[in-house]
Amino acid sequence: MEEGMQKPHRVTAIIKDYHYAPFYFPVDNLILRLYQADSEPFSLVEKYIYIKVVPGAEKEALEYIRLVYDRYEKGEVPPEKQIVSLTAMMDSFNEAERKLFQVFSLLSLVSILISSFGIYTLVSFSAQQRRREIAIRKVNGVGFADIFKLFTREYLWLALIGNALALPLSYIFLTNWLEEYTYRINPGVGLFLLVFCLTSLIVVVSVTLRMRQAAEANPAEAARVI
């Protein structure tokens with residue numbers, strides 16, 4: 001070996017790419033070098049040292065790692081970041097996204113509940129205001145299906161207009177948010193169709209419940225002039 005040349009290393013294995021950094025960054029080149037105690041002295045010159053632990057011996061391994069680490073550490077790294085499991089480290093990368101997901105999930109649930117109660121209240125108010133009209137239609141032989149279609153058509157138009165305004169804005173917001181990630185999904189049309197179907201289902205269920213109550217009422221009482 002010529003003087004000044006580095007010691008050659010033998011490639012033992014090649015592993016698939018995995019995320020060792022937050023998803024904002026692309027997967028870069030990574031080399032894992034095997035430490036051999038009989039051929040080289042231990043040091044902390046490496047930025048990260050990966051240690052494989054036998055399952056069931058985590059506690060003993062952690063105590064030994066701490067004992068060895070204390071001999072070489074210089075107080076440059078906070079104690080809570082000196083020794084971290086790989087799973088905990090990967091979870092910490094996605095902690096902000098996980099909290100954001102919980103917040104959006106809660107807001108989505110609240111929005112769905114508010115929308116459901118709002119639509120049901122609006123349908124109930126409309127049915128109360130038009131109870132004489134419903135009664136007269138029933139007296140003239142109009143069935144529940146026709147009354148249901150009449151109200152459903154009106155409120156489905158409102159749902160269509162609301163989705164036409166909200167879904168494009170949601171697509172723009174979602175696309176801009178995903179642009180921050182190197183690896184991301186592309187929001188397809190199916191996701192927004194699902195949202196439209198969900199809102200339409202809320203409308204149909206609300207109209208069905210309220211119109212059934214109105215249809216079962218006595219037409220003579222409802223049509224009576226007050």
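Let's start in the middle of things, with Leu150: once its neighbours within four places in sequence are set aside, Leu150 is in contact with Arg130, Glu133 and Arg137. Keep in mind as you look around that this is a predicted model.

Now step back and take in the whole protein. Its secondary structure comes to eight helices and zero strands, so if you walk along from the N terminus, the elements read α-α-α-α-α-α-α-α. The protein has 226 residues, and 16% of them count as buried. About 18100 Å² of the protein is exposed, with carbon and sulfur atoms supplying 64% of that area. As for who touches whom, take the contacts with a separation of 6 or more: 67% of them come from residues 24 or more positions apart.

Leu150 turns up again when we go looking for the largest nonpolar core. That core has twelve residues, and Leu150 is one of them; the others are Val123, Ala127, Ile134, Ile147, Phe148, Phe151, Tyr155, Ala159, Val203, Val207 and Met211. Three helices each supply at least two residues of this core: helix H4 (95-129), H6 and helix H7 (189-215). Which helix gives the most to the core? That would be H6, with six residues.

Stay on helix H6, which covers residues 144-178, and you'll come across Thr152. Is Thr152 buried or exposed? Its relative accessibility is 8%, and because buried means under 20%, Thr152 counts as buried. Neighbours within four places in sequence aside, Thr152 is in contact with Val204 and Val207. You've met Val207 already, as one of the residues in the largest nonpolar core.

Further along helix H6 sits Pro168. With a relative accessible area of 42%, Pro168 is partly exposed. If you look for Phe192, you'll find that Pro168 and Phe192 are 24 residues apart in sequence, while their C-alpha atoms are 9.2 Å apart in space.

Carry on into the loop between H6 and H7 and you reach Tyr181. This one is buried, with a relative accessible area of 9%. What does Tyr181 touch, apart from its neighbours within four places in sequence? It is in contact with Phe23, Tyr24 and Glu97. The pairing with Phe23 spans quite a stretch of chain: Tyr181 and Phe23 are 158 residues apart in sequence, yet 5.9 Å apart in space, C-alpha to C-alpha.

Glu97 leads us to another spot, where two helices pack together. Helix H3 (residues 86-93) and H4 meet at an angle of about 55°, and their axes are 4 Å apart. That angle is why H3 and H4 are called oblique to each other. On the H3 side the contact is made by Asp91, Ser92 and Phe93, and on the H4 side by Glu95, Glu97 and Arg98. Sorted by kind, the residues of this contact are one nonpolar, one polar and four charged.

Our last stop is another loop, the one between helix H1 (58-72) and helix H2 (79-82), where you'll find Val77. Val77 has a relative accessibility of 33%, so it counts as partly exposed. Leaving out its neighbours within four places in sequence, Val77 is in contact with Tyr69 and Gln82.

Terms used
Residues numbered from 1 in each chain as written. Predicted model: local features only at pLDDT ≥ 70, side-chain atom pairs only at ≥ 80, totals over all residues. Heavy atoms only, no water. Buried < 20%, exposed > 50% of the residue type's maximum accessible area, 1.4 Å probe, protein only. Contact = heavy atoms within 4.5 Å. Core = buried A, V, L, I, M, F, W, Y, C linked by side-chain atoms within 4.5 Å. Axes fitted to C-alpha atoms, helices over the stretch in contact; angles between N-to-C directions. Parallel < 35°, antiparallel > 145°, perpendicular 65-115°, else oblique. Nonpolar A, V, L, I, M, F, W, Y, C, P; charged D, E, K, R; others polar. Areas by Shrake-Rupley, 256 points an atom, 1.4 Å probe, with all protein chains shown as cover.
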